[in-house]
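Trainee: I am new to this one, and I get lost when I try to take in everything at once. Could you pick a single part and walk me through it closely?

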Amino acid sequence: MSRAPAPAHGEHFQSRRGGLAQPQLLRGEDYVADATRRIHDAKRRVLLTTLTIAHDHRTDDLIDALVWAARRGVEVSVAADVFTYADAAGTFLPTGYRTKAWRTSDSLASKLIGEGVRFSWLGREKGLPWRGRTHTKFCVVDDAAYAFGGVNLDRKGVENTDFMLLIADARLADDLEAVYHQIQHMNAHERGHESLEYRYGTDRVLVDGGIPGDSIIYRRAVAQARKADRVLLVSQYCPTGELGKVISERDNELWFNPPRNASPANRALIASSMLWTGHRSMYTRRRYLHAKAIVFFRDDGTRVAITGSHNFVEGGVRLGTREIAMETRRPETIEQILAFHAQDVRGEG
């Protein structure tokens, strides 16, 4: 299943003939349930990468499915960021400091490894917890892929207002396998790689490789915002940097967590971003908003969407966060994003 990683220098793209298979938007609980079912039926490969993972009532069945797939001889690989346990320790995690969260996470990793799962932690466990994170989230099961959303694999992650896209497309599954091994390779060398782009007709898969200051996702969002007459943004955070400025110059609807919804660290981040940019959020619900998508509207009827793991803030770009997103013009996909916004974010119906 392993393959050589892509070159680690120079932004480049690979083109595939024809667009992707039609995505299906799945909310957090539906994503976990559907992935669990597919993993139970897996024949060849399961690859999973996430920011956080935990063994609790929201993820028990999925983790058990990973174990049973490995026992059947399926190649199962899981990668999670050390942020899983570092976040629980506060802003800094001193060397040798071991929290209950770390012990619990280490126990889960040991269990998976003991059952034949190839498990690895990504990133470093000391220093600033936001630097060098792998925020990329996707799951590949044989020729199906769950990606381009923000769902983390723990109780909070599943229960947040969030989604993933299910795409049954062997080309995408193969390309995400290459991305998975690229992440592993660069993590082992504690380096990032420059941005990657995979094109499938008018659909684009955008990959941020973790080099500070280099984000193809953020660049594409800025480029589309400049062309737009109206922008609808859904994110965990207030948009900042050049993107935030360009959005403010257009008609816009911004839906992100008000400070009261967030933890103390995130509360300060959101409040300061709002003060600096002058942006205000239209989101009034108490459920934590974790989805990340922008729809760009033009007066001629053109619509473009970018959806994935990127929060559309400049800080993550500067810190070199690994991310993944899809840019699409497909009406059926955009309609699903808008329906999610209307029901889960705006609160209609």
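Mentor: Gladly; what follows starts from one strand, moves out to its sheet and helices, and then visits a few other places.

A word on the ground rules. This is a predicted model, where local features need a pLDDT of at least 70 and side-chain atom pairs count only at pLDDT 80 or more, while totals for chains, interfaces and linings use all residues. Residues are numbered from 1 along each chain as its sequence is written, and side-chain values use heavy atoms, with hydrogens and water left out.

Let's set the scene. The protein has eleven helices and 15 strands; these are DSSP runs numbered from the N terminus, helices being H or I over at least four residues and strands E over at least two. Of its 349 residues, 54% are buried, meaning under 20% relative accessible area with a 1.4 Å probe and protein chains only, where over 50% is exposed and in between is partly exposed. Among contacts with a separation of 6 or more, 73% join residues 24 or more positions apart; a contact means heavy atoms within 4.5 Å.

Our chosen part is strand E6, residues 138-141. Find Phe-138 and Val-140, which point one way, and then Cys-139 and Val-141, which point the other way. Which of these four are buried, and which exposed? All of them are buried.

Now look at the strands beside E6. Strand E3 (residues 45-50) pairs with E6 in the antiparallel sense over four bridges; two strands pair if DSSP finds at least two bridges between them. Two places help you line them up: Thr-49 stands opposite Phe-138, and Val-46 has Val-141 as its bridge partner. E6 also pairs with strand E7 (residues 144-147), again antiparallel, over three bridges. There, Val-140 stands opposite Ala-145. E6 and E7 make a hairpin with two residues between them, and Asp-142 in the turn has a positive phi of about 55 degrees.

Step back, and these strands belong to an open sheet of seven, in the order E2-E8-E7-E6-E3-E4-E5, with mixed pairing. At its edges are strand E2 (24-27) and strand E5 (118-122), each pairing on one side only. Neighbouring strands of the sheet are turned against each other by 15 degrees on average, direction ignored. For such angles, axes are lines fitted to C-alpha atoms (for helices over the stretch in contact), and values run from 0 to 180 degrees between N-to-C directions.

Two helices are worth tracing next to this sheet. Helix H6 (residues 170-188) lies across E3, E4, E5, E6, E7 and E8, running at about 55 degrees to E3. Helix H11 (residues 331-346) packs on the sheet too, touching E2 and E8, and its direction makes about 25 degrees with that of E2. Buried residues of H11 include Ile-334, Ile-337, Leu-338 and Phe-340, and also His-341 and Asp-344. Just after H11, Gly-347 takes a positive phi of about 90 degrees.

For comparison, here is a second hairpin. Strand E9 (residues 196-200) has four of its five residues buried, so it is largely enclosed by the rest of the structure. Five bridges join E9 to the antiparallel strand E10 (residues 203-208), with Arg-199 opposite Arg-204. The hairpin of E9 and E10 has two residues between the strands, and Gly-201 takes a positive phi near 60 degrees.

Beyond E10, Gly-209 is found in the loop leading to helix H7 (216-227). Gly-209 counts as buried, at 0% relative accessibility, and its contacts, leaving out residues up to four places away in sequence, are Gly-192, His-193 and Arg-322. Gly-320 is 111 residues from Gly-209 in sequence, yet their C-alpha atoms are 7.8 Å apart.

Last stop: Ile-306, in strand E14 (residues 303-308). Ile-306 is buried as well, with a relative accessible area of 0%. Leaving out residues up to four places away in sequence, Ile-306 touches residues including Ile-217, Ala-293, Phe-312 and Met-326. Thr-328 is 22 residues from Ile-306 along the chain, and 6.5 Å separates their C-alpha atoms.
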